[in-house]
Amino acid sequence: MSIFLDEIIGNDKVKTILSNILQSGNIPHAFLFTGIDGVGKENAALSFTKELNRLKENLEKSKSISTQIDNLSEPYIKYILPLPRGKSETDQNDPYEKLTDDEVDQINLEFKKKSQNHYYRIQIPRANFIKINSIRDIKKFLSFSYEDIKYRVILISQAHLMNEESQNALLKNLEEPPEGVIFILCTPSPEKLRETIRSRCWKINFQPLEESDLLKILIEKFGIESSIAEEVVPFSGGSTQTAI
């Protein structure tokens with residue numbers, strides 16, 4: 001039984017695929033989650049990460065691990081996303097090093113919202129692309145070894161916003177990932193990724209949400225009044241983002 005996969009609302013075919021992969025024990029080292037914005041790709045990625053690290057013999061420790069993953073905490077999750085570029089920042093700087101204190105505070109606030117609701121889409125001003133130094137930071141993440149952790153996941157949000165240089169850097173990491181490290185790239189526009197990246201990933205496509213599932217997410221995850229949610233859902237195209 002896949003306890004954490006039940007946190008995925010809708011997209012039953014996706015749940016079945018992920019469940020079958022878990023049961024087989026043959027875990028691909030890279031996934032490409034595709035589908036329009038607002039269908040729960042990142043929520044599914046986090047649920048899958050929790051299931052990968054679930055300890056059947058120790059429920060309490062599994063809950064502790066689950067909480068860390070919910071909070072997007074390393075070393076279980078390396079969460080990469082578009083970030084603004086700091087003043088006089090170079091590609092050699094840490095991704096956050098040249099950002100202002102206000103920008104860092106804003107990002108931390110957005111992370112908190114995301115940790116509380118995995119269907120929430122992080123919104124950061126001037127964050128128009130994934131920086132090369134964010135991808136290079138993966139190398140540092142991979143340099144640490146954790147014998148007590150089954151799987152660590154590098155989750156790349158809006159992966160299509162990597163430029164050519166960033167994609168080239170990612171490709172090097174995808175070619176020979178360490179054992180127990182899994183990449184999950186989430187994007188509505190996989191065609192903007194290099195074929196050499198796509199070919200190294202197990203592709204899973206997410207469908208637009210059914211109206212009943214979208215209604216449930218709006219009410220339970222975003223606290224929208226049911227009467228308002230019911231009016232909005234038919235015009236949302238199966239997307240949480242459009243509905244919000």
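Here are some notes on this predicted model, going from the whole chain down to a few individual residues.

1. Overall shape. The chain's radius of gyration is 18 Å, and a compact globule with 244 residues would be near 18 Å, so the two agree. If you prefer box dimensions, the C-alpha trace spans about 50 × 45 × 35 Å along its principal axes.

2. Make-up and packing. I get 10 helices and 5 strands for the chain. Buried residues account for 52% of the 244. Taking contacts between residues at least 6 apart in sequence, 74% join residues at least 24 apart.

3. Surface and charge. The accessible surface is about 12300 Å², with carbon and sulfur atoms contributing 47% of that. On the charge side, count 31 positive and 36 negative side chains; the centres of the two sets sit 4 Å from each other.

4. The cis peptide. Have a look at the bond between glutamate 74 and proline 75: the peptide there is cis, with omega about 10 degrees. Proline 75 belongs to the loop that runs from helix H3 (59-70) to strand S2 (77-80).

5. Proline 84. This proline is in the loop between S2 and helix H4 (101-116). Is proline 84 buried or exposed? Its relative accessibility is 0%, so proline 84 counts as buried, the cut-off being under 20%. Leaving out residues up to four places away in sequence, proline 84 touches Glu89, Leu99, Glu103, Ile124, Pro125, Arg126, Ala127 and Lys131. On top of that, the C-alpha atoms of proline 84 and asparagine 128 are 6.9 Å apart, although 44 residues separate the pair along the chain.

6. Asparagine 11. Worth checking on your backbone plot: asparagine 11 has a positive phi, about 45 degrees, despite not being a glycine. You'll find asparagine 11 in the segment before helix H1 (12-24). At 13% relative accessibility, asparagine 11 falls under the 20% cut-off and therefore counts as buried.

7. Glutamine 158. Here is another non-glycine with a positive phi, this time about 50 degrees. Glutamine 158 is placed in the loop between strand S3 (152-156) and helix H6 (164-175). With a relative accessible area of 12%, glutamine 158 is buried as well, because the cut-off is under 20%.

8. Where I'd point the viewer. For backbone geometry, go to the cis bond joining glutamate 74 and proline 75, then to the positive phi at asparagine 11 and at glutamine 158. For packing, centre on proline 84, whose contacts include Leu99 and Ile124.

Technical notes:
Residues numbered from 1 in each chain as written. Predicted model: local features only at pLDDT ≥ 70, side-chain atom pairs only at ≥ 80, totals over all residues. Heavy atoms only, no water. Helix = DSSP H or I, 4+ residues; strand = E, 2+ residues; numbered from the N terminus. Buried < 20%, exposed > 50% of the residue type's maximum accessible area, 1.4 Å probe, protein only. Rg over C-alpha atoms; globule rule 2.2 N^0.38 Å. Contact = heavy atoms within 4.5 Å. Areas by Shrake-Rupley, 256 points an atom, 1.4 Å probe, with all protein chains shown as cover. Lys, Arg positive; Asp, Glu negative; His and termini not counted. Charge placed at Lys NZ, Arg CZ, Asp CG, Glu CD.
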